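Reader: I have a model open and I don't know where to start. Can you walk me through it?

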Amino acid sequence: MQFGWLTLSLSPSPEEDAARIAQQIEQVCFAEAMGFSDVWLTEHYFTGESVYNDSLMFAAALAMKTSRIRLGFAVVQTPFHHPVRLATQLALLDNLSGGRIDVGLGKGTVYNEYEFVGHGLRSDDSRERMDEAVEIIELAWTGKAFEYDGRFHKIKVPALRPKPVQPKPPLWRSVISPSSFEQCGRLGLPILTARLPIQRIKERWALYDKGLQAGGHDEATRADLLARSALWRNVYVAESDAQAEDELATLLGETRSHMMHVRDAYNPPDFTPGPETLNPWTDPKVKDDVAIPYVLETGSIYGSPKRVAEQVAEIRDAGVQHLLCQTGFGAMNHEQNIASMRRFGEKVMPGFG
């Protein structure tokens, strides 16, 4: 089984940003030392979430500090980037890292409209912007001159240099709906998903495989993509089950409080998240005493090393071969994060080699 490490770390104040960024680098290096196969960076702006904000520039620092671990993006918010510049930056990153990048692409946050406003945009056309960006990036990475006449971009580009080291860096998609699993399978795209209840995993993985077969992908490609398909979970390992539950619940409560506060404070008054995007964790009308148990049940692995190993085995038996572990929550301190990572790396991961 393959274990990735994902960061969605919050800096609680501007005064702490520099220290928190340095700690993120230390945590990634520790993840590599612990045997994690990949690290995944998130992208958020203005409020201390994803404290480095610019995941592409931060990944360049990580490329210089690491030697083995793959560098993934979960996800690049494509509307905030000019696609030619994005293709160029990613190609350079692939060179700096020696061909170690995995690129998750998304249409942008569905909750934080203030991030769009801060970039001079609104989210109404974000899907179309993402689709154009993907087409342009793929054209740029062919190494040939090209022209593109789209709704948002009308460009004429000489051959991009440098080319990526990988013949084609993997372009991942974040998926939630059943139709998205099947569609990505047809297209042969690697996928990642979050907060998928255990009883839904087999069903969604079967839909993805159905799409792979419908897309005519050969057995080796199907096996590779199914092995890479990633499930994102909160992971917290403590000395005892009770300690882990108490500490994780507190951290999640602090995280949710920050999340709801910044959305209420900064989202424009004419913005409402789509009802299909809301669940007990993301819906501000749902109280913490419902939201936190929901996330503990559907999106978290926690407890003593023994209990965590049992939960990982349950996920593996449901068909998941690639688990992305978010070990930091909200403003969790560095020492607490490292301690949980060490327990997972030393006492859980060896049982799934």
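Author: Start with a term: two strands pair if DSSP finds at least two bridges between them. Strands E3 and E4 meet that, since they pair in the parallel sense over 5 bridges. Keep in mind that this is a predicted model.

Reader: Which residue stands opposite Gly-106 in E4?

Author: That is Gln-77.

Reader: What about E2 and E3, how many bridges join them?

Author: E2, residues 38-41, is joined to E3 by 4 bridges, and the two run parallel. As an example, Trp-40 has Gly-72 in E3 as its bridge partner. Between E2 and E3 the chain crosses through H2, and this β-α-β crossover is right-handed.

Reader: And what do E3, H3 and E4 make?

Author: They make a β-α-β unit, which is right-handed.

Reader: How many residues of E3 are buried?

Author: 7 of its 8 residues are buried, so E3 is largely enclosed by the rest of the structure.

Reader: OK, the helix now. How many residues does H3 have, and how far does it reach?

Author: H3 covers residues 83-96, which is 14 residues. From its first C-alpha to its last it reaches 20 Å, close to the 20 Å expected at 1.5 Å a residue.

Reader: Which residues in H3 are buried?

Author: Pro-83, Val-84, Leu-86, Ala-87, Leu-90, Ala-91, Leu-93 and Asp-94.

Reader: Why would residues a few places apart point the same way?

Author: An α-helix has 3.6 residues a turn, so residues three or four places apart point the same way.

Reader: What covers the buried ones in H3?

Author: The cover includes helix H2 (55-65), strand E3 (70-77), strand E4 (101-106), helix H5 (126-140) and strand E6.

Reader: And what comes just after H3?

Author: Gly-98, which takes a positive phi of about 75 degrees.

Reader: You mentioned E6. Which strand does it pair with?

Author: E6 pairs with E5, residues 146-149, in the antiparallel sense over 4 bridges. A hairpin of 4 residues joins E5 to E6. Within the pair, Glu-147 has Lys-156 in E6 as its bridge partner.

Reader: Which side chains of E6 are buried?

Author: Ile-155 and Val-157, which point to one face. Lys-154 and Lys-156 point to the other face and are not buried. As a rule, side chains in a regular strand alternate between the two faces of the sheet.

Reader: Change of topic. How many residues are in the largest nonpolar core?

Author: It has 72 residues. Those with the most contacts inside it are Phe-3, Phe-36, Leu-90, Trp-141, Val-312 and Phe-344. H3 supplies the largest share of this core, 6 residues.

Reader: What does Val-312 touch?

Author: Leaving out residues up to four places away in sequence, Val-312 touches Met-1, Phe-3, Ile-301, Leu-323, Phe-344, Val-348 and Phe-352. Apart from the largest core lies another core of 16 residues, among them Tyr-236, Leu-251, Met-259 and Ala-291.

Reader: Now the charged residues. How many salt bridges does the structure hold?

Author: The structure holds 20 salt bridges. One of them is between the side chains of Arg-256 and Asp-288, at 2.7 Å from N to O. This pair links distant parts of the chain, with Arg-256 in helix H9 (residues 241-266) and Asp-288 in helix H10 (residues 288-299), 32 residues apart.

Reader: Is Arg-256 buried or exposed?

Author: Arg-256 counts as buried, because its relative accessibility is 3%. The cut-off for buried is under 20%. Its partner Asp-288 is partly exposed, with a relative accessible area of 35%.

Reader: Which residue forms a salt bridge with Lys-285?

Author: Asp-283, with the closest N and O atoms 3.4 Å apart. Lys-285 counts as exposed at 67% relative accessibility, whereas Asp-283 counts as buried at 13%.

Reader: What about Arg-342 and Glu-346, where are they?

Author: Both are in helix H12 (residues 334-347). Being 4 residues apart there, they are separated by about one helical turn. Their side chains meet in a salt bridge, 3.6 Å from N to O. Arg-342 counts as partly exposed at 37% relative accessibility, and Glu-346 is partly exposed at 45%.

Reader: Last one. Which residues are linked in a network of salt bridges?

Author: Glu-113, Arg-122 and Asp-270 are linked that way.

Terms used
Residues numbered from 1 in each chain as written. Predicted model: local features only at pLDDT ≥ 70, side-chain atom pairs only at ≥ 80, totals over all residues. Heavy atoms only, no water. Buried < 20%, exposed > 50% of the residue type's maximum accessible area, 1.4 Å probe, protein only. Expected span 1.5 Å × (residues − 1). Contact = heavy atoms within 4.5 Å. Right-handed = clockwise from strand over helix to strand, strands pointing away. Core = buried A, V, L, I, M, F, W, Y, C linked by side-chain atoms within 4.5 Å. Salt bridge = Lys/Arg side-chain N within 4 Å of Asp/Glu carboxyl O.
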